[in-house]
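Subject: Structure handover: cavities and cysteines

Hi,

Here is the structure I promised to pass on. Please open it alongside this note. My findings follow below.

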Amino acid sequence: MAVSRRSLELPPADPDRARLHQLGYKQELRRGLSVLSNFALSFSIISVMMGVTITFNTGLRYGGPVSMTLGWFAVTLFNGCVALSMAEICSAYPTSGGLYYWSAKLAGKDWAPLASWVTGWFNIVGQWAATTSIDFSLAQLVQVIVLLGTGGQNGGGYMASKYVVLAIYGAILVVHGLINSLPIQYMAWFGQLGAFWNAAGILVLVILIPAVAKERASARFIFTHFNVDDATGIQDKAYILAVGLLMSQYSVIGYDASAHMTEETKNADWSGPMGIITSVALSSVFGWIYLVALTSIMTEDIRSLLDPGNDAGGYAVAQALYTAFHRRFGTGFGGLVCLGIVAIATFLCGCACITSNSRMGYAFSRDRAMPFSRFWYRVNKQEVPFNVVWLSVAVAFVMALTSLGSQVAFQAMVSIATVGQYIAYALPIVFRVTTARRSFVPGPFHLGKYGLLVGWVAVTWVALVTVLFSLPVAYPVAEDNFNYTAALVGGVLLLSVGAWVLHARFWFQGPITNVDL
């Protein structure tokens, strides 16, 4: 680890400042978040109401109800191992750099720079892709609400062009950038609002949806019905189930935000791990309940719900909600209100994503890993990393331009957001259970003798889903159904390692301390 020449104050008396000083950094961001605020931010980013809604089509097409309701349990179990391992490491190293800093500390002196470099780039690219997929999905949801509100696709409703959807997306990003330019106390409020809205919104919807529906699916349908979509050309049930797990895996992601916010959190070495664990645990519970409620109104033929020619343009959740309210009240307005609840949750989720992106970018620039790091590594008078907030907005917009050329290529953003981030989650855990298995010094939160076992389960799971989500999603493979996930993941790996070999290895030494130790 390199040490800069700047000499700063002696270790401060405040425990959080003192611990950060021991890790090699001075306190530059305002430490104003409580454990509740830290949890709220991750819970808001995970936003299972958003995740389940926007990927429901995937689960419905690949396996149907059984792949979603029962597959959720398998994903929850293994994701829990990932979260526990991350929480243990976060407790030992509570810094905004999070994952890439952990890799540097755990990989050993010889491998620390490369491990830190690759982990950091997978993390930040995965975060940018997550912001892109979330905010673009919000723009698409707004378009569907407008479509149904003006009569539906078969009733003369307004179907926005891809350029209009992109413009809506750009406006959403700008609003998120403006909000994230505010002082941290406002972001804490938005995070808590997001957590409240997700919890309260799910409770309202799981009561309202079954109560309104005149027809409800049986428990047997919800928990055992297996759907095979002939259009995909895949008949092997195990294969279909594996692809269908993407919905559950994508729906619980983004909880590294608790780690990235630790330099702004009080009692960070305990609050950060608690933020990770509680956000994943509660999201898993609320997500399954919401998933079951949605599946209970999927009484129409699954093929018709996914049909691009229906009133909602093939948006299954929107079509089912609109139909349920229309059958009960003669109008689908209530369904639009339900979609509005999801849209607000998605908006708050996207806002929290920019917050997490900017803190990761700030830390990565502080360690000079990004081009023009001196420019991005600046905070304004409100102690907000203003420049990197708008970098996150700009990159997310550029990523969405792929939607103009190929919707299939853009859909890979969901996969790279999932796979890319989980690879970044797994890398420090790999080093924790290998190179640092004996040298790791735990923080206040630790797994004791079970740390290695839980870590190996987490690493194995991430390796498995990386392969599964890179498999073809339809046969025969063609341009309009090609799964770009493997290409994108391979691209990030190739570019990061290539940049390392050709350039970065000559100057990047891993996290750079800015205090004298």
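Helices here are DSSP runs of H or I, at least four residues, numbered from the N terminus. The model is predicted.

Cavities first. The structure holds five of 30 Å³ or more. The largest has a volume of about 140 Å³. Its lining has 17 residues. I45, A130, G254, C353 and Q421 lie nearest the centre of this cavity. Four helices each supply at least two lining residues: α2 (35-46), α7 (112-149), α16 (333-366) and α20 (407-433). α7 gives the most, with five residues. By class, the lining of the largest cavity has nine nonpolar, seven polar and one charged.

The second largest cavity has a volume of about 60 Å³. Its lining includes A213, K214, E215, I297 and T299. E300, A320, T323, A324 and R327 also line the second largest cavity. Here the classes divide into four nonpolar, two polar and four charged.

Now the cysteines. How many disulfides does the structure hold? Zero. C338 is in no disulfide, and the nearest cysteine sulfur, that of C349, is 19 Å away. C338 counts as buried because its relative accessibility is 1%, and buried means under 20%. For C351, the closest cysteine sulfur is in C353. The two sulfurs are 9.4 Å apart, too far for a bond; a disulfide needs them within 2.5 Å. C351 also counts as buried, at 1% relative accessibility.

Best wishes

Methods: Residues are numbered from 1 along each chain as its sequence is written. This is a predicted model: local features need pLDDT of at least 70, side-chain atom pairs count only at pLDDT 80 or more; totals for chains, interfaces and linings use all residues. Side-chain values use heavy atoms; hydrogens and water are left out. Buried means under 20% relative accessible area, exposed over 50%, partly exposed in between (1.4 Å probe, protein chains only). On a 1 Å grid over the protein atoms alone, a cavity is a set of points where a 1.4 Å probe fits but cannot get out, and a pocket is an open set with protein on both sides within 12 Å along at least five of seven lines; lining residues have an atom within 4 Å of a point. Grid points are joined across faces, edges and corners, and a volume is the space filled by probe spheres set on the points. Ala, Val, Leu, Ile, Met, Phe, Trp, Tyr, Cys and Pro count as nonpolar, Asp, Glu, Lys and Arg as charged, and the others, Gly among them, as polar.
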